[in-house]
Amino acid sequence: MGRAFEFRKARKMKRWASMAKTFTRLGKDIVMAVKEGGPDPDANAKLRAVIQNAKAANMPKDNIERAIKRASDKNTADYKEVLFEGYAPHGIAILIETATDNNNRTVANIRSYFNKCNGSLGVSGSVEFMFDHTCNFRINAEGIDPEELELELIDFGAEEIFVDDDGILIYAPFESFGAIQKELENRDIEILSSGFERIPQVTKELSPEEVADVEKLLEKIEEDDDVQNVYHTMKETED
């Protein structure tokens, strides 16, 4: 198995345990998708993907429809995606994806978390190169041969396909998202969920005390309403 498999196995269930936080994050994804491509999922591939993710997270249908309607209102705040980079204690690189309607607030908050936890906020490009930007899809495993599917999807950019408790997982470079989404839809293969992740190229093992220092910063960052995803180079183990 490759790095995507190991990354997912270690990361699974560690982050985003809060349902309310997940719904807030998905609500912002819906707003950004609608603002970018319109409120019709049939004509907006990005919105289609976000709705699949919302359903996979058990977000109520009413919530999804309300978010789409709200996003169509011109008075609804427009969220900008902003990437933050920095270092936690013990040399652990951190990459933070945010969606914000007030960049000054978000910058001030993120900087304060690093300062309070003995970390340092870096400049653009300071740690992003340490992560591979990937896309992923989860599909139902029933009736599908993963090895055969992998051979067929290589031409569309797929790099790693494996089976876990959630179904068949497909990983590919960030740029391959559209091609793979289109091919799966053309084959009438139901996409249960999809998304993007940043997989660290190298991870660093820390002592339990050092892990606690890094976790303190990660928790503060993840509690922020503007934060969508957090990635780091600390080696994680399955609980």
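## Asn58 and Asp188: positive phi in two loops

In this predicted model, Asn58 sits in the loop that runs between helix α3 (45-56) and helix α4 (61-72). Although Asn58 is not a glycine, its phi is positive, at about 65 degrees. With a relative accessible area of 59%, a value over the 50% cut-off, Asn58 is classed as exposed.

A second residue other than glycine with a positive phi is Asp188, for which the angle is near 60 degrees. Asp188 belongs to the loop between helix α7 (177-186) and strand β7 (191-200), and its relative accessible area of 71% places Asp188 among the exposed residues.

## Asn44: a buried loop residue

Asn44 is located in the loop that joins α2 (19-37) to α3. The relative accessible area of Asn44 is 5%, and because this value is under 20%, the residue counts as buried.

When neighbours within four places in sequence are set aside, the contacts of Asn44 are with Ala33, Val34, Gly37 and Gly38. One of these partners, Ala33, is 11 residues away from Asn44 along the chain, and the C-alpha atoms of Asn44 and Ala33 are separated by 7.8 Å.

## Ala77 and Phe129: two further loop positions

Ala77 is placed in the loop between α4 and strand β1 (80-88), where a relative accessible area of 32% makes Ala77 partly exposed. Beyond its neighbours within four places in sequence, Ala77 is in contact with Val31, Lys35 and Asp101. As for Val230, which is 153 residues from Ala77 in sequence, the C-alpha to C-alpha separation from Ala77 is 23 Å.

Phe129 occupies the loop between strand β3 (120-121) and strand β4 (131-139). Its relative accessibility of 54% is over the 50% cut-off, and Phe129 therefore counts as exposed. Phe129 and Gly178 are 49 residues apart in sequence, and their C-alpha atoms lie 23 Å apart in space.

## Aromatic pairs

Over the whole structure, a search returns five aromatic pairs. One of them brings together Phe5 and Phe162 in an edge-to-face arrangement, with 5.0 Å from centre to centre and 85 degrees between the planes. Because Phe5 belongs to helix α1 (residues 3-11) and Phe162 to strand β5 (residues 160-164), this pair ties together parts of the chain that are 157 residues apart in sequence. Phe5 and Phe162 are both buried.

In the pair formed by Phe177 and Phe196, the ring centres are 4.8 Å apart and the planes stand at 40 degrees, so the pair is classed as tilted. This pair also links distant parts of the chain, with Phe177 in helix α7 and Phe196 in strand β7, 19 residues apart. Phe177, at 11% relative accessibility, counts as buried, whereas Phe196, at 34%, counts as partly exposed. Both residues belong to a cluster in which ring pairs link Phe137, Phe174, Phe177 and Phe196.

## The chain as a whole

The secondary structure of the chain consists of eight helices and eight strands. For a compact globule of 239 residues, a radius of gyration near 18 Å would be expected, and the 18 Å found for the chain agrees with this. Along its principal axes, the C-alpha trace extends over about 50 × 45 × 30 Å. Of the contacts between residues at least 6 apart in sequence, 72% join residues that are at least 24 apart.

Buried residues account for 46% of the 239 residues. The area that the chain exposes is about 12,600 Å², of which carbon and sulfur atoms supply 47%. The chain carries 31 positive and 47 negative charges, and the mean positions of these two sets are 7 Å apart.

Key
Residues are numbered from 1 along each chain as its sequence is written. This is a predicted model: local features need pLDDT of at least 70, side-chain atom pairs count only at pLDDT 80 or more; totals for chains, interfaces and linings use all residues. Side-chain values use heavy atoms; hydrogens and water are left out. Helices (H or I, at least four residues) and strands (E, at least two) are DSSP runs, numbered from the N terminus. The radius of gyration is taken over C-alpha atoms; the globule rule is 2.2 Å times the number of residues to the power 0.38. Buried means under 20% relative accessible area, exposed over 50%, partly exposed in between (1.4 Å probe, protein chains only). Contact means heavy atoms within 4.5 Å. Accessible areas come from the Shrake-Rupley method with a 1.4 Å probe; for residues, only the protein chains shown count as cover. Lys and Arg count as positive and Asp and Glu as negative; His and the chain ends are not counted. The place of a charge is taken as NZ of Lys, CZ of Arg, CG of Asp or CD of Glu. Rings of Phe, Tyr and Trp (its six-membered ring) pair if their centres lie within 6.5 Å; planes under 30 degrees apart count as stacked, over 60 as edge-to-face and the rest as tilted.
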